[in-house]
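Open the model in your viewer and keep the sequence panel in sight. The tour goes from the whole chain to single side chains.

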Amino acid sequence: MANLTVRVMVVGHASRRWRGAGSTAKAYALNRQLSESRAQNLRKPVEDILKRELPGVAIAAPSMGAGSDDGFPLTGEDNAAIDRSVVVMVDL
């Protein structure tokens with residue numbers, strides 16, 4: 001298993017709006033920061049679990065925040081909670 005690497009991509013999302021931000025640019029920056037924080041908060045526990053369950057296997061677990069740039073295509077104002085999420089993709 002020395003050649004095996006498990007790749008995990010953790011992507012945080014944020015809804016397209018930010019009430020009270022004051023400007024579109026400020027809302028964009030706040031959403032980027034929030035989505036990156038969401039991704040980081042989940043990346044570490046996922047990485048720790050994989051290292052514990054797969055000892056000796058290399059784990060690559062980058063994370064990123066999509067901010068409001070990359071929302072889920074079917075969300076709208078009535079279902080904006082889906083955009084406030086984290087997606088974890090595992091590649092063996």
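Helices and strands here are DSSP runs, a helix having at least four residues and a strand at least two, and they are numbered from the N terminus. The model is a predicted one.

**The whole chain**

Begin with everything selected and coloured by secondary structure. The protein has 1 helix and 4 strands, and from the N terminus the order is β-α-β-β-β. Of its 92 residues, 32% are buried. About 5900 Å² of the protein is exposed, and carbon and sulfur atoms supply 56% of that area. Among contacts with a separation of 6 or more, 79% are between residues 24 or more positions apart.

**Helix H1**

Next, select residues 24-53, which are helix H1. H1 has 30 residues and reaches 43 Å from its first C-alpha to its last, close to the expected 44 Å.

Which residues of H1 are buried? Show the side chains of Ala27, Leu30, Asn31, Ser35, Ala39, Arg43, Val46, Glu47 and Leu50; these are buried in H1. Then add the strands: the cover over the buried residues of H1 includes strand S1 (5-12), S2, strand S3 (63-65) and S4.

**Arg43 and its network**

Zoom in on Arg43, which is found in helix H1. Is Arg43 buried or exposed? Its relative accessible area is 17%, so Arg43 is buried, since the cut-off for buried is under 20%. Leaving out residues up to four places away in sequence, Arg43 touches Val10, Ala61, Pro62 and Ser63.

Keep Arg43 on screen and add Glu47. A polar contact of 2.5 Å joins the side chains of Arg43 and Glu47. Now add Lys51: Arg43, Glu47 and Lys51 are linked in a network of salt bridges.

Look at the Lys51 end of this network. Lys51 and Glu47 form a salt bridge with an N to O distance of 3.5 Å. Both residues lie in helix H1, 4 residues apart, about one turn of the helix. Glu47 is buried, because its relative accessibility is 12%. Lys51 is partly exposed, with a relative accessible area of 45%.

**The other salt bridges**

How many salt bridges are there by this rule? The count comes to 4. Side chains of opposite charge can pair when their charged atoms come close.

Select Lys44 and Asp48. Their salt bridge has its closest N and O atoms 2.8 Å apart. Lys44 and Asp48 are separated by about one helical turn, because they are 4 residues apart in helix H1. Asp48 is partly exposed at 34% relative accessibility, and Lys44 is partly exposed at 43%.

Move on to Arg52 and Glu53. The side chains of Glu53 and Arg52 meet in a salt bridge, at 3.3 Å from N to O. Arg52 counts as exposed at 57% relative accessibility, and Glu53 is exposed as well, with a relative accessible area of 51%.

**Ile59 in strand S2**

Select residues 58-60, which are strand S2, and pick out Ile59. Ile59 counts as buried because its relative accessibility is 16%.

What does Ile59 touch, leaving aside its neighbours within four places in sequence? Ile59 is in contact with Val6, Glu47, Leu50 and Lys51. Glu47 and Lys51 are already on screen as part of the salt-bridge network with Arg43. Leu50 is one of the buried residues of H1.

Then measure from Ile59 to Arg7 in the viewer. Their C-alpha atoms are 6.1 Å apart in space, while the two residues are 52 apart in sequence.

**Val88 and the surface patch**

For the last stop, select residues 86-91, which are strand S4, and find Val88 there. Val88 counts as partly exposed because its relative accessibility is 34%.

Where does Val88 belong on the surface? Show Leu42, Val90 and Leu92 beside Val88: the four form a nonpolar patch on the surface. Together they have about 360 Å² of accessible area.

Note on methods:
Residues are numbered from 1 along each chain as its sequence is written. This is a predicted model: local features need pLDDT of at least 70, side-chain atom pairs count only at pLDDT 80 or more; totals for chains, interfaces and linings use all residues. Side-chain values use heavy atoms; hydrogens and water are left out. Patches are made of residues with over 30% relative accessible area and no salt bridge: like charges are joined within 9 Å, nonpolar side chains (Val, Leu, Ile, Met, Phe, Trp, Tyr) within 5 Å. Accessible areas come from the Shrake-Rupley method with a 1.4 Å probe; for residues, only the protein chains shown count as cover. Buried means under 20% relative accessible area, exposed over 50%, partly exposed in between (1.4 Å probe, protein chains only). Contact means heavy atoms within 4.5 Å. A polar contact is a pair of N or O atoms within 3.5 Å; within protein, one must be able to donate a hydrogen and the other to accept it, and residues adjacent in sequence count only if both atoms are side-chain atoms. The expected span of a helix is 1.5 Å times one less than its number of residues.
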